[in-house]
Amino acid sequence: AFPIISLAIRPNSGCNPLTPCITNLSTAGCGTLTSAVFDVGGGRLIDTLAPNFCLPTYTAPGNYSLTVRLVNSCGCIASAVLRDTIKVEPPVVANFSASTTFSCTTPRTISFTNLSTGSGPGGLRYAWDLNGDGIYEDSTANPTRVYTLGTYTVSLIAYNTYGCRDTTTFVNYINITTQPTASFTANTTPTCGTATINCTST
């Protein structure tokens, strides 16, 4: 009888870098298993009968196949190609910009453009702290907020269902100030001819 291949791979998907580990549940079918070789691609072979072991770390996004070859003491061989069984997603990188970061008008509505990158089932999800109080109150991709007089720090968390996440914080990013008022005095006396007038800002 041939060996029966049965493997549990955890995790088999996630963001890079990803290190999948294998629990080998295979049975000999006849006698005992004498050899178990795992080809992870790129010329990398793992020859082990250990019931639990980890594969090399995958550092590039993509889908990867795994080839398994088992031999038992009766001389029977079983092999299988597990195509695209390991899925490595790009890392999540949080980033954003604002429609403006400085204004002399209060209140001022400011919109944010989400520039985050990464992927995962269902895409990325977001959490925004739009005023630096530590409370992430907005989960939309591109939020807007009305700001009043003050300076505000803005933070964005981007994450996916794999648990991969990244946080970007721009300290004192939004500055809302008052409109300056022009005022001056002139040191002059009434004159009917040409005169030099000195103006002083106040």
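## Following the aromatic rings

Tyr58 is a good place to start: at 2% relative accessibility, Tyr58 counts as buried, because anything under 20% falls in that class. Keep in mind that this is a predicted model.

Now look at who Tyr58 keeps company with. The structure holds nine aromatic pairs, and one of them is Tyr58 with Tyr64, with 4.6 Å from centre to centre and 50° between the planes, a tilted arrangement. Tyr64 comes out as partly exposed, with a relative accessible area of 22%, so this pair joins a buried ring to a partly exposed one. Tyr58 has a charged visitor as well: the charged end of Arg44 sits over the Tyr58 ring, 5.5 Å from its centre.

Next, move along to Phe170 and Tyr173. Their ring centres are 4.9 Å apart and their planes meet at 50°, so this pair is tilted too. Why tilted? An angle under 30 degrees would make a pair stacked and one over 60 would make it edge-to-face, so 50° lands in the remaining class. As for accessibility, Phe170 is partly exposed at 24%, while Tyr173 is buried, with a relative accessible area of 17%.

Phe170 and Tyr173 also belong to a wider group: together with Phe96, Phe112 and Trp128 they form one aromatic cluster. If you have the model open, try picking out those five residues together.

One last stop is Tyr147. Here the charged end of Arg145 sits over the ring, 5.6 Å from the centre. Put that next to Arg44 over Tyr58, and you have two places to look at an arginine set over a tyrosine ring.

Notes. Residues numbered from 1 in each chain as written. Predicted model: local features only at pLDDT ≥ 70, side-chain atom pairs only at ≥ 80, totals over all residues. Heavy atoms only, no water. Phe/Tyr/Trp six-rings, centres within 6.5 Å; stacked < 30°, edge-to-face > 60°. Buried < 20%, exposed > 50% of the residue type's maximum accessible area, 1.4 Å probe, protein only. Lys NZ or Arg CZ within 6 Å of the ring centre and 35° of its normal.
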